[in-house]
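Me: I am new to this structure, and I would like a close look at how its strands pair. Could you take me through that part step by step?

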Amino acid sequence: MRPFELTAPTTVEEALAEPGAFLAGGTTLVDLMKLNVMTPQHVLDINALPLTGIDTSDGLRFGALERMADIAAHPGVYPVISRALLLSASQQLRNMASIGGNLLQRTRCTYFRDVSTPCNKREPGSGCPAINGINRMHAILGTSDSCVATHASDVAVALVALDAEIKLESATGTRTVKLADFYCEPGDTPHIENDLRTGELITEVIVPRLDWAQRSTYVKVRDRQSYEFALCSAAVALDIQDGQIVDARVAVGGVATVPWRLSQVEDALRGKPATLESFEEAAKLAVEGAKPLMHNSFKVSLLRRTVVRALVEGSR
Ligand code: SF4
């Protein structure tokens, strides 16, 4: 790890006045600093900022420094969010990691984390060894000729399904952005992962009220049952009345370069009976546009089956 200067602002204004990398739980940043993937000269420990709180009075609002474990344990949080959080990382990491930091976590592509290899995301223009290399864990949706890395967050998938927004503050003002619009597919610029501008800090996560999201779930398929990233995951919320699907939200992770909303699947579900047959028919649309790589063609059928399983579990 390279030497760096550490300061600990106590107000948002102080934090926004200084350039540097924000340190919350440290569960991503410190790892990447140890690997020399990120080498900030100035680190701002923001843990003393007043950015906590869970408000469930009208939709959900989480302060950006709320810990994953505390949000997951809150009884007013929609099941799809709690479950996505509980299936992430380990209890120790969930006790440390903040919701704001979770949304900004970097990809787990092993080439990205190994500075002895090229990587377009780390060093623009250097190449992507994953495309013709070991790519079993990589994406089949939203990829480009420059990058095929998956987005690593579970809870971001649930939040995108629920149309969540994030509040961003900087020294020049505040703005609110839909989380689905915040993330960038790699295209020719995989080093630009999101719409976070220089000096901006996520201060709040806002989930619009959706009463029928009480019937929701998150299914995660991975190589081992805990402490592992998704091969494929699905966040589902269903509004079912008299056996008919009135409305649906579906998003998937582990298969795409950004948390991936499946609007075409949602459209296919609306107005249909809540049966296995309807779920299987709609899930066929989940793989539209998929481009499997040499080692991950299994993700095409896995994606379809994961969506069906999530719909079945979410309909109960
Ligand atoms: Fe880098 Fe993306 Fe290629 Fe991984 S997939 S090596 S992150 S450019």
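**Strands side by side**

Reply: Let's start with one pair of residues: Leu 23 stands opposite Asp 45 in E3. This is a predicted model, in which local features need pLDDT of at least 70, side-chain atom pairs count only at pLDDT 80 or more, and totals for chains, interfaces and linings use all residues. Residues are numbered from 1 along each chain as its sequence is written, and side-chain values use heavy atoms, leaving out hydrogens and water.

Leu 23 belongs to strand E2, residues 21-23, which runs parallel to E3 and is joined to E3 by three bridges. (Strands, E, at least two residues, and helices, H or I, at least four, are DSSP runs numbered from the N terminus; two strands pair if DSSP finds at least two bridges between them.) Now follow E3, residues 42-45, to another partner: strand E1, residues 5-7, also pairs with E3 in the parallel sense, over three bridges. There you can find Glu 5 opposite His 42 in E3.

Between E2 and E3, look for a helix. Helix H2, residues 29-34, joins E2 and E3 in a right-handed β-α-β unit (with the strands pointing away from the viewer, the path from the first strand over the helix to the second runs clockwise).

Next comes a sheet with antiparallel pairing. Five strands make up this open sheet, and their order is E4-E5-E8-E6-E7. Its edges are strand E4, at 54-55, and strand E7, at 173-178, each of which pairs on one side only.

Begin at the E4 edge. E4 and E5 run antiparallel and are joined by two bridges, with Asp 55 opposite Arg 61 in E5. These two strands form a hairpin, with four residues between E4 and E5. Stop at Gly 59 in that turn: this residue has a positive phi of about 70°.

From E5, step across to E8. Strand E5, residues 60-63, and strand E8, residues 201-207, run antiparallel and share four bridges. To find your place in this pairing, pick out Phe 62, which stands opposite Val 205 in E8.

Finally, here is a way to set these strands within the whole chain. An automatic or database assignment gives the domain bounds: the chain is divided into domain 1, residues 5-47, and domain 2, residues 212-314. The C-alpha centres of domain 1 and domain 2 lie 36 Å apart.
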